[in-house]
Amino acid sequence: MIRKSFLSIGMLVAVVAVSVAYAVRVGDAAPDFTGTDSNGKTHRLSEYRGKYVVLEWTNNGCPYTLKHYESGNMQALQKDWTAKGVVWLTVLSSAPGEQGYMNAAQENAYLSKEKASPSAALLDPTGAIGHEYSAKTTPHMFVIDPSGKLIYAGAIDDHPTTELSDVKASKNYVSAALTEAMAGQQVATSSTRPYGCSVKYQ
């Protein structure tokens with residue numbers, strides 16, 4: 001009985017160790033991935049080596065996501081940073097039948113309606129990209145530097161609410177990370193706890 005308990009504990013430790021080993025950590029190389037966007041184009045992260053890349057996990061049915069789109073905040077971030085050469089990839093990891101799932105036509109219609117302008121919207125219905133990055137919430141933000149290293153992971157800002165009025169008073173961690181990194185400075189806040197709705201994996 002005792003031996004079985006030790007075996008169970010040992011197996012649990014092994015599972016935890018494996019999970020930790022595969023967790024995405026700031027300072028490590030960002031996991032490469034291949035994804036198809038809402039226009040049918042294939043994207044591979046390694047193709048963007050030499051550029052800053054932002055990954056934005058989204059769900060158009062999530063009130064935390066809606067906060068940033070209805071206020072125009074996410075669209076402004078996309079427009080401002082892509083104009084500076086940043087590649088902004090919006091990722092949809094909601095599974096078919098789950099909140100936030102969109103096919104290509106639906107996503108393109110949504111982007112047009114919201115006047116959003118990411119570099120591309122990647123459709124990830126199997127959750128493959130989401131699981132590679134351990135994306136937990138919508139939004140969940142990641143910033144990758146030109147060398148392919150992850151330099152920020154976490155919340156979009158420091159106000160974990162659904163209130164549109166909080167946007168203007170918030171510190172935007174994504175903008176701060178990009179501004180500091182582009183100026184050759186160390187990112188002051190490189191990791192925060194993400195907030196929002198859980199990613200609706202299959």
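Is Thr192 buried or exposed, and what is its relative accessible area? Select Thr192 to begin: this residue is buried, with a relative accessible area of 19%, where buried means under 20% relative accessible area, exposed means over 50% and partly exposed lies in between (1.4 Å probe, protein chains only). The model is predicted, and for that reason local features need pLDDT of at least 70 and side-chain atom pairs count only at pLDDT 80 or more, whereas totals for chains, interfaces and linings use all residues. Residues are numbered from 1 along each chain as its sequence is written, and side-chain values use heavy atoms, with hydrogens and water left out.

**Stop 1: around Thr192**

Keep Thr192 selected and note that it lies in the loop between α6 and β9 (197-198); helices (H or I, at least four residues) and strands (E, at least two) are DSSP runs, numbered from the N terminus. Leaving aside neighbours within four places in sequence, Thr192 is in contact (heavy atoms within 4.5 Å) with Tyr152, Ala153, Gly154, Ala155 and Tyr173. Ala153 is 39 residues away from Thr192 in sequence, yet their C-alpha atoms are 6.6 Å apart in space. Now show the side chains of Thr192 and Tyr152, which are joined by a polar contact of 2.6 Å; a polar contact is a pair of N or O atoms within 3.5 Å, and within protein one must be able to donate a hydrogen and the other to accept it, while residues adjacent in sequence count only if both atoms are side-chain atoms. The side chain of Thr192 also reaches the backbone nitrogen of Ala155, at 2.8 Å.

**Stop 2: the sheet**

Next, colour the strands of the open sheet, which has seven of them in the order β2-β1-β5-β4-β3-β7-β8 with mixed pairing; two strands pair if DSSP finds at least two bridges between them. The edge strands, each pairing on one side only, are β2 (42-44) and β8 (150-154). Neighbouring strands of this sheet are turned by 30 degrees against each other on average, direction ignored, with axes taken as lines fitted to C-alpha atoms, for helices over the stretch in contact, and angles running from 0 to 180 degrees between N-to-C directions.

At the β8 edge, select β7 (residues 141-144), which pairs with β8 in the antiparallel sense over four bridges; Ile144 has Leu150 in β8 as its bridge partner.

Then move to β1 (residues 34-37), where Gly35 and Asp37 point to one face and are buried, while Thr34 and Thr36 point to the other and are not. Strands β1 and β2 pair in the antiparallel sense over three bridges, and Thr34 stands opposite Arg44 in β2. Their hairpin has four residues between the strands, and Gly40 there takes a positive phi near 85 degrees. Strand β1 is also joined by two bridges to β5 (residues 120-123), running antiparallel, with Leu123 in β5 as the bridge partner of Thr36.

**Stop 3: helix α6 and the core**

Select α6 (residues 173-182), which packs on the sheet, touching β3 (53-57), β4 (87-92), β7 and β8, and whose direction makes about 170 degrees with that of β8. Eight of the 10 residues of α6 are buried, and what covers the buried residues includes β3, α3, β4, β7 and β8. At the start of α6, a side-chain oxygen of Asn172 reaches to within 3.1 Å of the backbone nitrogen of Val174, and just after the helix Gly184 takes a positive phi of about 80 degrees.

Now display Val54, Trp88, Tyr152, Val174 and Leu178, which touch the most other members among the 27 residues of the largest nonpolar core; such a core is a set of buried Ala, Val, Leu, Ile, Met, Phe, Trp, Tyr and Cys residues joined through side-chain atoms within 4.5 Å. The largest share of this core, five residues, comes from α6. With neighbours within four places in sequence left aside, Leu178 is in contact with Tyr52, Val54, Trp81, Val86 and Val143.

**Stop 4: Thr138**

Finish at Thr138 in strand β6 (residues 137-138), which counts as buried at 2% relative accessibility. Not counting residues up to four places away in sequence, Thr138 touches ten residues by name: Trp57, Thr58, Asn59, Cys62, Tyr64, Thr65, Tyr195, Gly196, Cys197 and Val199.
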